[in-house]
Amino acid sequence: MALSSEEVERYARHLVLREVGGPGQARLKAGRVLVIGAGGLGAPLIQYLAAAGIGTIGIVDDDTVSLSNLQRQVIHGTPDVGRPKVESAADAVGRLNPHVRVEIHPCRLTPENAPALLADYDLVADGSDNFSTRYAVSDACFAGKKPLVTAALGAFDGSLTTIRAHETGPDGRPNPTYRCLFPSPPPPGSVAPCAEAGVLGALAGVMGSLMAMEVIRALAGFGEPLVGRLLMVDARSMRFETLHYAWDPDNPLNGDGVRTGPAAEPAGHPPQPR
């Protein structure tokens, strides 16, 4: 897709990057990304995707802006309290970059509506705040053969990975699914929600920005994705660590009961989304 003269100026710092350049920026402009959640993770994610020139951003969220959101959900402002988050986020994108098309989906993603929501997008970025949505998203991405960038927040920690379970790795084995990493959600009530446990606001900005970087990298076509790797961030000590995980042939999505090689131990339960 050709860039206008205004877009050439706007994206000048991308265009001089050897790893992006004109072809990479054109791929970003042609890209269609579905963001699940316009909250703590989705807010910085959406902003950086818009700034980068992603052509179309879909936003799925059924919530409204509350005052307690504003400590971390930086795409919304005080005048937006009470508004649907998808509308507030869409307005913010329009102010930031008029070349980006926003498609709002003011609903909660479920196993039933997920296939239709995902169908028209190239990649899905999940920053949802509940386990049922996270598993519905990951299962639907596998069925629809969509790459998935997914992150979660704890009070002072975060995690990020990319799932491309519809593809095979260099060794010929299927790439791991989300259920290879986290086979099942934790029991109800075992993980305190954000309202009880709290969350460091700036950490949401860090993790959402890392999500955006992973999405941009995937669409522009440079670098190495976080497939089979879980990036873990500890905000107390500013420590970044990477856990390697592998395909589990017993997983319910693309397992076949035949183990072709050792798989990493599952990481246990996923961190509480916020």
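This note goes through several local features of a predicted model, point by point.

1. Strands 2 and 3. Strand 2 covers residues 56-60 and strand 3 covers residues 101-105; the two run parallel and are joined by five bridges. Within this pairing, G58 has E103 of strand 3 opposite it. Between the two strands the chain passes through helix 5, residues 85-96, and the resulting β-α-β crossover is right-handed.

2. Helix 4. This helix spans residues 42-52 and is mostly covered, with eight of its 11 residues buried. The buried residues include G42, A43, P44, L45 and I46 at the start of the list, and L49, A50 and A52 complete it. After helix 4 comes G53, which has a positive phi, near 90°.

3. Aromatic pairs. There are two aromatic pairs in the structure. One is formed by Y135 and Y178: the ring centres are 5.3 Å apart and the planes stand at 75°, so this pair counts as edge-to-face, the cut-off being over 60 degrees. The pair links distant parts of the chain, since Y135 belongs to helix 7 (residues 131-144) and Y178 to helix 8 (residues 178-181), 43 residues apart. The other pair is Y178 with F182, whose ring centres are 5.4 Å apart and whose planes are at 65°, so it is edge-to-face.

4. The aromatic cluster. Y135, Y178 and F182 together make up one aromatic cluster. Y135 is counted as buried because its relative accessibility is 4%. Y178 is counted as buried because its relative accessibility is 3%. F182 is buried, as is Y178.

5. R32 and Y121. A charged side chain sits over a ring here: R32 lies over the face of Y121, and the distance to the ring centre is 4.8 Å.

6. T162. This residue is part of strand 6, which runs over residues 157-163. Is T162 buried or exposed? Its relative accessible area is 3%, under the 20% limit, so T162 is buried. Its side chain makes a polar contact of 2.7 Å with the side chain of E214. Leaving aside residues up to four places away in sequence, T162 touches L148, V149, E214, L226, V227, G228 and Y245. E214 thus appears both as the polar partner of T162 and in its list of contacts.

7. N251. This asparagine is found in the segment that comes after strand 8 (239-244). N251 counts as buried because its relative accessibility is 5%. The side chains of N251 and N254 are joined by a polar contact of 2.7 Å. Not counting residues up to four places away in sequence, N251 touches T177 and C180.

8. R18. The residue is located in the loop between helix 2 (12-15) and helix 3 (21-30). Is R18 buried or exposed? R18 counts as exposed because its relative accessibility is 80%, and the limit is over 50%. Computed along the sequence is not the same as through space, and both separations are available for R18 and A114: they are 96 residues apart in sequence and 37 Å apart in space, C-alpha to C-alpha.

Key
Residues numbered from 1 in each chain as written. Predicted model: local features only at pLDDT ≥ 70, side-chain atom pairs only at ≥ 80, totals over all residues. Heavy atoms only, no water. Helix = DSSP H or I, 4+ residues; strand = E, 2+ residues; numbered from the N terminus. Buried < 20%, exposed > 50% of the residue type's maximum accessible area, 1.4 Å probe, protein only. Polar contact = N/O pair within 3.5 Å; in protein donor to acceptor, adjacent residues only side chain to side chain. Contact = heavy atoms within 4.5 Å. Pairing = 2+ DSSP bridges. Right-handed = clockwise from strand over helix to strand, strands pointing away. Phe/Tyr/Trp six-rings, centres within 6.5 Å; stacked < 30°, edge-to-face > 60°. Lys NZ or Arg CZ within 6 Å of the ring centre and 35° of its normal.
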